[in-house]
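Q: Could you take me on a close look at the nonpolar core of this model and the parts around it?

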Amino acid sequence: MESSHYFSLRHFKHLISVGILFACIAASVGIRGGWTPSEFSAVERYGLVISFILYILQILLLVPLPFFIFNFLGVVLLNVFPQRPKLQRSPLIGPFLCFRVVTKGLYPELVNDNVEYNIKLCRNVGLHNFIFEVVTDIPVNLKTNIQAREILVPGDYQTKFGSLYKARALQYALEPEVDSLSPGDWIVHLDEETVLTEDAVIGIVNFTGAAQYSFGQGVITYGHGKIVNWVTTLADSIRVGIDYGYLRFSLGVLHKPIFSWKGSFIVADAEAEKKISFDHGPEASIAEDCFFACVAFSRGYSFGFVDGVMLEKSTFTLSDFMRQRRRWVQGILLTALSKKIPWRFKIGPVLMSFSSCTLPFNILLVPVSILWPMPSSPFLMFTYSFNMGTAIYLFILGTVQTFCIQKYGWWRCCLLALATIFCGLVGGVLENIVSILVFWLPKSSATHFYIVKKQVPCDYIKVV
């Protein structure tokens, strides 16, 4: 058993983390200019039309509020410094695990290296009853291994409802003549660059062994190995923070994917995945993960949180960063607009799309408020500060969780946390551009599935 000192240290670190969150919110109040009351008639000063526009801009601050509330609850109510998971049952007697990697096949060396590494790690944990399946459009010449299988998607393969891209490949792997899984087996979805950790494998063994929920997901960090682009890597810190905030609260407490989930580190009951399928047509093929989660949610399946962390890499260029975000925004919007999912099960994607659509106006509010100050509203001021402060905290939390203090030291971690705020601003600017391209210049935003570069020009993982 672990010592009580360890538990007290964890709680102490969590209290410090919560204090930093409130400090970020308080600092945002100062940035906004405080809550000094200013009473005057906006209509008399600016006229009816300008006043109406200014009030609308302020009200739009409420759109992303639910998302930040979920993140706030997650990082306050749940300790962001969890214990390392321990095996709750022998990995020798657990259910059969199929680690399924979907790839276009553009980076065969990357796929082979990661599969080899991940197989060795699983064996080191004690797993025997598992297989790695690589579903690919282009042959990757997967190295011969009794626990590895390459599934080549035929060029002329078409799904019943015309699914495309990754959804098409995922569906092909579920076809009866291809699929070899039985009831009680589980699928773990990985991207081609995903690297497992011992904690993640243990978390998966515990989750699948308990079989309490049909689907689960855990945390992914993006700063392992060689850092190709520090700006995009630190900008992705907010994704890690969101995993510790919203994702843990939504899946671990509510057991529902309120605002969707990610496309990798998905742990799925094989039979449940087959019943839902990935064949929901072209509209579900841009963000197949979001669409799948909403369909599963609508059919009453339960979700849980998986302990442990998996490792991936951020995009290598700012242009790829934008293309990646653009696809996500487009895919979530298509999910929100789909008639195949009842409204009450896609409220999250609807709010996320509306939030992305209004993002430029939220940024515009800052200079507009300087030129045309409005009578202060404590509620709107608090909303602005709450959203901004929580976002800043999520960036910092993601960086702290990605770059461990034991490896980088206190001072370097502090510098990285400060740099993250700057990189977050860069990411925010790029996401504003994406919003304009998708929502306000739709002719320039043709729907497609862009594949970003993921292979590093050197070996960046250690052989187990």
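A: Happy to; we start with the core and then turn to a strand pair and two unusual backbone angles. This is a predicted model, where local features need pLDDT of at least 70, side-chain atom pairs count only at pLDDT 80 or more, and totals for chains, interfaces and linings use all residues. Residues are numbered from 1 along each chain as its sequence is written, and side-chain values use heavy atoms, with hydrogens and water left out.

A nonpolar core here is a set of buried Ala, Val, Leu, Ile, Met, Phe, Trp, Tyr and Cys residues joined through side-chain atoms within 4.5 Å. Buried means under 20% relative accessible area, exposed over 50%, and partly exposed in between (1.4 Å probe, protein chains only). The largest such core holds 105 residues, and Phe-99, Phe-132, Leu-196, Ile-204, Phe-215 and Met-310 have the most contacts inside it. Leaving aside residues up to four places away in sequence, Phe-99 touches (heavy atoms within 4.5 Å) Leu-196, Ile-204 and Phe-132, among others. Another core, of ten residues, lies apart from the largest one and includes Phe-321 and Val-438.

Now the strands, which like helices are DSSP runs numbered from the N terminus (helices: H or I, at least four residues; strands: E, at least two). Strand E7 (residues 303-311) is largely enclosed by the rest of the structure, because seven of its nine residues are buried. Strand E5 (residues 215-221) runs parallel to E7, joined by six bridges; two strands pair if DSSP finds at least two bridges between them. Within this pair, Gly-216 stands opposite Gly-304 in E7.

Finally, the backbone angles. Phe-265, in the loop between helix H9 (237-254) and strand E6 (266-269), has a positive phi of about 55° although it is not a glycine. Phe-265 counts as buried because its relative accessibility is 0%. Tyr-165, also not a glycine, has a positive phi of about 60°, and at 33% relative accessibility Tyr-165 counts as partly exposed.
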